[in-house]
Amino acid sequence: MRTTQIRQQLHDYIDSAEDKKLKAIYTLIEKDISNDFAFSDEQKEELDRRYSDHKNGIGRSYDRHEIDSIIGQALADRKK
């Protein structure tokens with residue numbers, strides 16, 4: 001069975017499942033769902049430090065055009 005078929009069957013099942021079964025399914029996958037976008041304390045500190053550096057003019061910032069150029073150059077170098 002293909003992944004798209006599995007997804008569709010799960011969606012259909014969830015739409016009509018009893019509350020008790022939904023809670024059981026949720027319990028099984030809760031950690032996967034809730035931690036997808038969570039940063040660790042260490043990551044948060046690093047982001048805060050970089051933001052502070054940026055606001056104080058210490059850190060190097062790039063605009064979209066500079067990033068496009070950097071990526072383009074890196075890709076060109078990689079093809080060599």
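**An all-helical chain and its salt bridges**

Leu-10 sits in helix α1, which spans residues 3-16. With a relative accessible area of 48%, this leucine is partly exposed, falling short of the exposed class because that class begins over 50%. Leu-10 also belongs to a nonpolar surface patch of about 500 Å², which it makes together with Met-1, Ile-6, Tyr-13 and Ile-14. Another residue of helix α1 is Gln-9, which is partly exposed at a relative accessible area of 49%. As the model is a predicted one, everything described here refers to computed coordinates.

A step back to the whole chain helps to place these residues. The protein chain contains four helices and zero strands, and its elements follow one another from the N terminus as α-α-α-α. The radius of gyration is 22 Å, whereas a compact globule of 80 residues would be expected near 12 Å. Along the principal axes, the C-alpha atoms occupy a box of roughly 55 × 35 × 20 Å. Two pairs of residues give a feeling for these distances. Gln-9 and Phe-37 are 28 residues apart in sequence, and their C-alpha atoms are 26 Å apart in space. Lys-55 and Thr-3, in turn, are separated by 52 residues in sequence and by 45 Å from C-alpha to C-alpha. Of this second pair, Lys-55 lies in helix α3 and is exposed, its relative accessible area being 56%.

The accessibility values tell a matching story about the surface. Only residues under 20% relative accessible area count as buried, and 2% of the 80 residues of the protein chain do so. In total the chain exposes about 8,000 Å², of which carbon and sulfur atoms supply 53%. Charged side chains are present in both signs: 15 are positive and 17 are negative, with the centres of the two sets 5 Å apart.

Where do these charges pair up? The structure holds five salt bridges, and three of them are described here in turn, starting with helix α3. In this helix, which covers residues 41-55, Glu-46 and Arg-50 are four residues apart, so about one helical turn separates them. Their side chains meet in a salt bridge with an N to O distance of 2.8 Å. Glu-46 is partly exposed at 29% relative accessibility, while Arg-50 is exposed at 51%; the arginine thus lies just past the cut-off, because exposed means over 50%.

A second bridge in helix α3 follows the same spacing. Arg-49 and Asp-53 are also four residues apart in this helix, which places about one helical turn between them. The two side chains form a salt bridge at 2.9 Å, N to O. Arg-49 is partly exposed, with a relative accessibility of 42%, but Asp-53 counts as buried at 17%, because the limit for that class is under 20%. The two bridges do not stand apart from each other: Glu-46, Arg-49, Arg-50 and Asp-53 are linked in a network of salt bridges.

Helix α4, residues 64-79, supplies a further example. Here Arg-64 and Asp-68 are four residues apart, so that about one helical turn lies between them. The closest N and O atoms of this salt bridge are 3.1 Å apart. Arg-64 is exposed, with a relative accessible area of 57%, and Asp-68 is partly exposed at 39%.

Helix α3 also contributes to a group of like charges. Asp-41, Glu-42, Glu-45 and Asp-48 form a negative surface patch. One of its members, Asp-41, is found in helix α3 and counts as exposed, its relative accessibility being 55%.

Taken together, the predicted model shows a chain of four helices with a radius of gyration of 22 Å. A nonpolar surface patch includes Leu-10, a negative one includes Asp-41, and a network of salt bridges links Glu-46, Arg-49, Arg-50 and Asp-53.

Terms used. Residues numbered from 1 in each chain as written. Predicted model: local features only at pLDDT ≥ 70, side-chain atom pairs only at ≥ 80, totals over all residues. Heavy atoms only, no water. Salt bridge = Lys/Arg side-chain N within 4 Å of Asp/Glu carboxyl O. Helix = DSSP H or I, 4+ residues; strand = E, 2+ residues; numbered from the N terminus. Buried < 20%, exposed > 50% of the residue type's maximum accessible area, 1.4 Å probe, protein only. Rg over C-alpha atoms; globule rule 2.2 N^0.38 Å. Areas by Shrake-Rupley, 256 points an atom, 1.4 Å probe, with all protein chains shown as cover. Lys, Arg positive; Asp, Glu negative; His and termini not counted. Charge placed at Lys NZ, Arg CZ, Asp CG, Glu CD. Patch = residues over 30% accessible without salt bridge, like charges linked within 9 Å, V, L, I, M, F, W, Y side chains within 5 Å.
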